[in-house]
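Student: I have a model open and keep meeting words such as buried, exposed and paired. Could we go through what earns a residue or a strand each of these labels?

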Amino acid sequence: MAETRRLPVPDGLDGLRIDAGLSRLLGLSRTVVATLAEDGRIAVDGRAAGKSDRLVAGAWLEVELPDQDRPPEEILGPVEVVAGLRVLAEDDDVVVVDKPVGVAAHASPGWTGPTVLGGLAALGIRVATSGAAERQGIVHRLDVGTTGVMVVAKSEHAYTALKRAFKERTVEKRYHALAQGHPDPSRGTIDAPIDRHPRHDYRFAVVAGGKPSVTHYETVEAFRAASLLDVALETGRTHQIRVHLAALRHPLVGDLTYGADPVLAKRLGLHRQWLHARSLGFEHPADGRWVEFTSPYPDDLARALDLLAD
């Protein structure tokens, strides 16, 4: 019996062709996705979509999947080589990776494309068995459309220690974010509660009575149309940086879900928000020594900065 999947377009697939984006999202070949489109089995916001149409973050997808027997292992995500996934450091307790765009931390009901866990499995790297089955070893996450440094626990001791460290906020996470315009003041703190958007389930918003959320930012470099910010988080809410800066009316460049200027995004060649997990520091679970890892800007973000500077 055919299954119909209904879900919003993830931010990391914004701007991709239907065949390329749904291939990632659903774990199908581009040929299969193209055939589904030709048969009228793919709709975006209620209208039939062609294979070469472009996805828009937040648009509502309906896909009638082909009949197939899916092995239970797919619930945990595919074991696959993930292009661009780099291992920055590894020992018996942790593995630190540089996560590329378009890759989720782990499989979920709305995402069966490439994952960090799937990539590590393909590299033969075993992770801790602690945690829910589909996210074993995961102690923190980055959005599909956010790149940068991420740590995964390999030992059970490391999983417990790192989960505690993230909960107690002893981990130092630094992000670089490109915000439209020039925040005033150029250095400050945003203390505003966040929860799901009252009308759009796929978005979050500053909402009275939401979860406490605190973001610190400092301008690193000001360009004519945007500002490069160094951002530190006290809390780790979903989409926190994106929501807080959008609330200041300075959304991240390329973040069309939260009100970014599509003209500027197109000029800079961006198909996702300009947000990068620049560095991550924590006490190593084995001996307590402080370790820190840094990720260079990926090509699309570096190119956007170069274009702004011209």
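Tutor: Gladly; the model is a predicted one, and we can take the labels one at a time.

Student: Let's begin with Lys154. Why is Lys154 called buried or exposed, whichever applies?

Tutor: Lys154 has a relative accessible area of 19%. The cut-off for buried is under 20%, so Lys154 counts as buried.

Student: Where is Lys154, and what does Lys154 touch?

Tutor: Lys154 is in the loop between strand 7 (147-153) and helix 4 (156-168). Leaving aside residues up to four places away in sequence, Lys154 touches several residues, among them Glu90, Asp91, Asp92, Ile125 and Arg126.

Student: What makes the approach of the Lys154 side chain to Asp91 a polar contact?

Tutor: The side chain of Lys154 reaches the backbone oxygen of Asp91 at 3.0 Å. A polar contact needs N or O atoms within 3.5 Å, one able to donate a hydrogen and the other to accept it. The 3.0 Å value for Lys154 and Asp91 falls within that limit.

Student: Asp92 is on that contact list too. Is Asp92 buried or exposed, and how do you know?

Tutor: Asp92 has a relative accessible area of 68%. Exposed means over 50%, so Asp92 is exposed. Asp92 lies in the loop between strand 5 (86-90) and strand 6 (94-99), and touches Lys154 and Ser155, again not counting residues up to four places away in sequence.

Student: What makes strand 5 and strand 6 a pair?

Tutor: Pairing takes at least two bridges, and strand 5 and strand 6 have 4, in the antiparallel sense. One of the bridge partnerships sets Arg86 against Asp98 in strand 6. A hairpin of 3 residues connects strand 5 to strand 6.

Student: How do you know that strand 6 also pairs with strand 7?

Tutor: By the same test: at least two bridges are needed, and 6 bridges join strand 6 to strand 7, which run antiparallel. Lys99, for instance, has Gly148 in strand 7 as its bridge partner.

Student: Why is strand 6 described as largely enclosed?

Tutor: Because 6 of the 6 residues of strand 6 are buried, the rest of the structure largely encloses it. In a regular strand, side chains alternate between the two faces of the sheet. In strand 6, Val94, Val96 and Asp98 point one way while Val95, Val97 and Lys99 point the other, and all are buried.

Student: Which helix is described as largely enclosed, and why?

Tutor: Helix 5 (residues 240-247), because 6 of its 8 residues are buried. They are Gln240, Ile241, Arg242, Val243, His244 and Leu245.

Student: What makes Arg249 worth a look?

Tutor: Arg249 comes just after helix 5 and takes a positive phi of about 70°. Most residues other than glycine have a negative phi. Arg249 sits in the loop between helix 5 and helix 6 (262-267), and its 74% relative accessibility makes it exposed, the cut-off being over 50%. Arg169, in the loop between helix 4 and strand 8, likewise has a positive phi, about 65°, although not a glycine.

Student: Which two residues does a cis peptide bond join, and what is omega there?

Tutor: Asp184 and Pro185, with omega about 10°. Most peptide bonds are trans. Pro185 is in the loop between strand 8 and strand 9 (187-191).

Student: Why are strand 1 and strand 3 said to stand at the edges of their sheet?

Tutor: Their open sheet has 4 strands in the order 1-4-2-3, with antiparallel pairing. Strand 1 (4-8) and strand 3 (47-48) each have a single partner strand, so one side of each is left without a neighbour in the sheet.

Student: What makes strand 2 and strand 3 count as paired?

Tutor: Strand 2 (residues 42-44) is joined to strand 3 by 2 bridges, and at least two are required, so the pair meets the cut-off. Ala43 stands opposite Ala48 in strand 3.

Student: How many cavities of 30 Å³ or more does the structure hold, and what lines the largest?

Tutor: There is 1, and the largest cavity contains about 40 Å³ of space. Its lining includes His140, Leu142, Tyr175 and Ser279. Strand 8 (172-180) and strand 14 (275-283) are the elements that give two or more residues to that lining.

Notes: Residues numbered from 1 in each chain as written. Predicted model: local features only at pLDDT ≥ 70, side-chain atom pairs only at ≥ 80, totals over all residues. Heavy atoms only, no water. Buried < 20%, exposed > 50% of the residue type's maximum accessible area, 1.4 Å probe, protein only. Contact = heavy atoms within 4.5 Å. 1 Å grid on protein atoms, 1.4 Å probe; cavity = no way out; pocket = protein on both sides within 12 Å on 5 of 7 lines; lining within 4 Å. Points joined across faces, edges and corners; volume = space filled by probe spheres on them.
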